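Visitor: I should like to learn how to read the features of a protein model. Could the Guide take me through them in turn?

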Amino acid sequence: MNKSEKTRQYIIEKTAPLFNTKGVAATAVSDIMEATQMAKGSLYVHFENKEDLTYCAVDWNLNEFINKVSAEAEKFEGPKAKFCGMLDYLSDPLNPPVQGGCPMMNFGMEADDTNPVIRNKVYNTICTVQQNMVDLLAEGVRTGVFNPDWDYKEFAMKAYAMVEGGILVARVSQDIRQMKMLVNILKREINEQSIEIIA
């Protein structure tokens, strides 16, 4: 990257946690200036306006979340271990992969009635995450890890909804016990559908 591209990326990475924590509407230009230690004029050399930067920050948060969860899953061998490893990684929403919590939930809840561009970004990310879950389980069925008659697509949808719900409850209550319970329920069903139980 050239100097301008590096500066642009620096601004995005410095402000992305701010947007994910405070929200789009509550993040003021003064907050952005403080986070980046840059003047307003300097910021707008690299972005048309706050909206332009907002969209970049939303993209960064969504991609960072997916990349970190995917990297964690890749530490394990086989579709079952990868799926369970991913669940374990997400089981403590008070220490999330991305500062501020799940960006799909944060931006999705804020933008559902207010910003169709961000809403579509979140929706596309949700579709990607769910498809990745389906693909991982499908690999397990195909390779004989899971029962061939398991409705793994339905399970993937349920697992995603339960994880997101657990994140919400944990973040609001500041208590991860219910999230741990949900993860154990999902892992129990995975074991029930496994042809060979692996500890």
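Guide: The turns below treat the core, two helices, single residues, empty spaces and charged pairs. Please keep in mind that this is a predicted model.

Visitor: Let us begin with the interior. How many residues does the largest nonpolar core have, and which of them have the most contacts inside it?

Guide: The largest nonpolar core has 55 residues. Those with the most contacts inside it are F83, M104, I118, M133, L137, F155 and I190. The elements that give two or more residues to this core are α1, α4 (50-73), α5 (79-89), α6 (103-111), α7 (116-142), α8 and α9. The largest share, ten residues, comes from α4.

Visitor: Which residues does F83 touch, leaving aside those up to four places away in sequence?

Guide: With those neighbours set aside, F83 touches M133, L136, L137, F155, A159 and I190.

Visitor: How many residues of α5 are buried, and which are they?

Guide: A general point on helices comes before the case. An α-helix has 3.6 residues a turn, so residues three or four places apart point the same way. As for α5, this helix is mostly covered, with eight of its eleven residues buried. They are P79, K80, K82, F83, C84, G85, M86 and L87. The elements they pack against are α4, α7, α8 and α9.

Visitor: Which residues of α6 are buried, and what covers them?

Guide: In α6 the buried residues are P103, M104, M105, F107, G108 and A111. Their cover includes α1, α4, α7 and α8.

Visitor: I would now turn to single positions. Is T54 buried or exposed?

Guide: T54, which has its place in helix α4, counts as buried because its relative accessibility is 4%, and the cut-off for buried is under 20%. Apart from neighbours within four places in sequence, T54 is in contact with F19, V24 and I118.

Visitor: Where is Q9 found, and which residues does Q9 touch beyond those up to four places away in sequence?

Guide: Q9 is found in helix α1 (residues 3-22). With a relative accessible area of 26%, Q9 is partly exposed. Beyond the sequence neighbours just excluded, Q9 touches M1 and W60. The C-alpha atoms of Q9 and W60 are separated by 9.7 Å, although the two residues are 51 residues apart along the chain.

Visitor: How should I read empty space, and what volume does the largest pocket have?

Guide: Rolling a probe the size of a water molecule over the atoms shows where empty space is left. Here the largest pocket has a volume of about 370 Å³. Its lining is made up of 20 residues, of which V69, S70, M86, N132 and M133 lie nearest its centre. The elements that give two or more residues to this lining are α4, α5, α7 and α8. By class, the pocket lining has 14 nonpolar, two polar and four charged residues.

Visitor: How many cavities of 30 Å³ or more does the structure hold?

Guide: The structure holds one such cavity. The largest cavity contains about 60 Å³ of space. Its lining residues are F65, Y89, L90, D92, P93, N95, P96, P97, G101, C102, I167 and R171. By class, eight of these are nonpolar, two polar and two charged.

Visitor: Finally, how many salt bridges are counted?

Guide: The general idea is that side chains of opposite charge can pair when their charged atoms come close. The count for this structure comes to eight salt bridges. One of them joins K22 and D31, whose closest N and O atoms are 2.9 Å apart. K22 is partly exposed, at a relative accessible area of 40%, whereas D31 is buried, at 18%.

Visitor: Which parts of the chain does the salt bridge of E189 and K158 link?

Guide: The side chains of E189 and K158 meet at 2.7 Å, N to O. The pair links distant parts of the chain, with E189 in helix α9 (residues 177-192) and K158 in helix α8 (residues 152-173), 31 residues apart. K158 counts as partly exposed, at 34% relative accessibility.

Visitor: What is the distance between the closest N and O atoms of R177 and D175?

Guide: In this salt bridge those atoms are 2.6 Å apart. R177 is exposed, with a relative accessible area of 63%, and D175 is partly exposed, with 24%.

Key:
Residues numbered from 1 in each chain as written. Predicted model: local features only at pLDDT ≥ 70, side-chain atom pairs only at ≥ 80, totals over all residues. Heavy atoms only, no water. Salt bridge = Lys/Arg side-chain N within 4 Å of Asp/Glu carboxyl O. Buried < 20%, exposed > 50% of the residue type's maximum accessible area, 1.4 Å probe, protein only. Contact = heavy atoms within 4.5 Å. Core = buried A, V, L, I, M, F, W, Y, C linked by side-chain atoms within 4.5 Å. 1 Å grid on protein atoms, 1.4 Å probe; cavity = no way out; pocket = protein on both sides within 12 Å on 5 of 7 lines; lining within 4 Å. Points joined across faces, edges and corners; volume = space filled by probe spheres on them. Nonpolar A, V, L, I, M, F, W, Y, C, P; charged D, E, K, R; others polar.
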